[in-house]
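Let's take a walk through this protein together, one piece at a time. Have the sequence and the 3D view open while you read.

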Amino acid sequence: MRRTLASFSAIALAAALWAGAASPAQATAPRGVWPLSGAVVREFDPPDQPWLAGHRGLDLAGHVGDIVTAAAAGVVSFAGPVAGRPVISISHGSLVTTYEPVTAFVAVGQTVTAGAPIGRLEAGHCLPEACLHWGLKDGPENYLDPRSLLPSQAVRLLPVEAVARLREEQALWEQSHKSAGLIRPLAEAVITSPFGYRTNPITGSSELHDGTDFGAACGTPIRAAAAGIITQQYDGGGYGNRVFVDHGSADGSQFVTSYNHLSAFALSVGATVAQGDVIGYVGTTGLSTGCHLHFMVWANGALVDPMTQLP
Ligand SMILES: [Zn+2]
Ligand SMILES: [Zn+2]
């Protein structure tokens, strides 16, 4: 009986050691959140030597009285004035986060979760507006970038300044990729059947002809109506061989074009095309009575008459 218990204890001890070995790894990578939602107004810029000037944290814009939250789960290790300025420190295993100037709600020894309110922002670090100086260190004078606590894919947690910068970049990208309007995919071709309701010659019922037909000899090169990316190309049954090109945003509208009844494709899915690039060749695949291009246009997801978009 004693032997059995002793064996059991040995297993329990091994399990405890194993758990103990695993925990420091977790402690070095706590899951972090921004302690204040304001923009980053001053970046982390550590000094080359501890006695030199630098910025040992991130400054986040705020207002006096804003609630500051814990950047990660931990235990409050300090709450009080340092050189006349209210400071909170939270210990997360080997790491410590600091928050100043913040008047604490929490007491030393208190356990906090990530995002838990810990105090109110005071004036004094940024002028004329208040800001939070958020620090991270793994030793008395070893400061780290507090951003390293945040998940790299934390898009929702981006400070407003970063969001504004991303929107600006997006607008610039859209401006530079803006089409000068769609061009005809077959410059010389004549329209043999317009977009719109027509009587089906076989069934006799009225149906929507969902594109514009351009007559041209089989093998005639078809050109992309605008710059974009080939998103799909396949045998579309009645549409025959078809290619879809996504043009992104132009003049506030999202355009997609499609080219049908092709005899052959010129490129592959994922290819980037400039306006006028050859993307395929006229054919008569699918439900078609002769060589022609059935050209389709979607504006913001809605099918439109291609001729409303073409010169
Ligand atoms: Zn600062
Ligand atoms: Zn057609």
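Find S16 and strand S22 (residues 278-281): three bridges hold them together as an antiparallel pair. If you want one spot to look at, go to isoleucine 222, whose bridge partner in S22 is glycine 280. Keep in mind that you're looking at a predicted model.

That pair belongs to an open sheet of three strands, in the order S16-S22-S20, with antiparallel pairing. The edges are strand S16 (221-223) and strand S20 (264-265), each of which pairs on one side only. As a reminder, strands of a sheet pair through backbone hydrogen bonds, and they can do that either parallel or antiparallel.

Now move back along the chain to another open sheet of three strands, this one ordered S3-S9-S7 and again with antiparallel pairing. Here the edge positions go to strand S3 (67-69) and strand S7 (102-104), each pairing on one side only. From one strand to the next, the twist averages 40 degrees. Strand S9 (residues 117-121) is joined to S7 by three bridges, with the two running antiparallel. Within that pairing, alanine 104 sits opposite glycine 119 in S9.

What about the inside? The largest nonpolar core has 29 residues, and the members that touch the most others are Leu60, Val68, Ile88, Tyr99 and Leu132. Several strands chip in with two or more residues: strand S2 (58-62), strand S4 (74-82), strand S5 (85-92), strand S6 (95-100), S9 and strand S10 (130-139). S10 gives the most, with five residues.

Which residues does tyrosine 99 touch, leaving aside those up to four places away in sequence? The list runs Pro35, Val68, Ile88, Ile118, Gly119, Leu132 and Trp134. Val68, Ile88 and Leu132 on that list also appear among the best-connected members of the core. Gly119 is there too, the glycine that stands opposite alanine 104.

There's also a second, separate core, made of 22 residues, including Leu182, Ile230, Tyr281 and Val282. Tyr281 takes you back to where we started, as S22 covers residues 278-281.

Finally, zoom out to the whole chain. It has two helices and 24 strands. Of its 311 residues, 30% count as buried. Looking at contacts between residues at least 6 apart in sequence, 61% join residues at least 24 apart.

How values were computed:
Residues are numbered from 1 along each chain as its sequence is written. Chains are lettered from A and ligands numbered from 1 in the order in which they are written. This is a predicted model: local features need pLDDT of at least 70, side-chain atom pairs count only at pLDDT 80 or more; totals for chains, interfaces and linings use all residues. Helices (H or I, at least four residues) and strands (E, at least two) are DSSP runs, numbered from the N terminus. A residue is buried if 20 or more other C-beta atoms lie within 10 Å of its own, exposed if 12 or fewer, and partly exposed in between; C-beta atoms are placed from the backbone. Two residues are in contact if their C-beta atoms, placed from the backbone, lie within 7 Å. Two strands pair if DSSP finds at least two bridges between them. Axes are lines fitted to C-alpha atoms, for helices over the stretch in contact, and angles run from 0 to 180 degrees between N-to-C directions. A nonpolar core is a set of buried Ala, Val, Leu, Ile, Met, Phe, Trp, Tyr and Cys residues joined through C-beta atoms within 7 Å.
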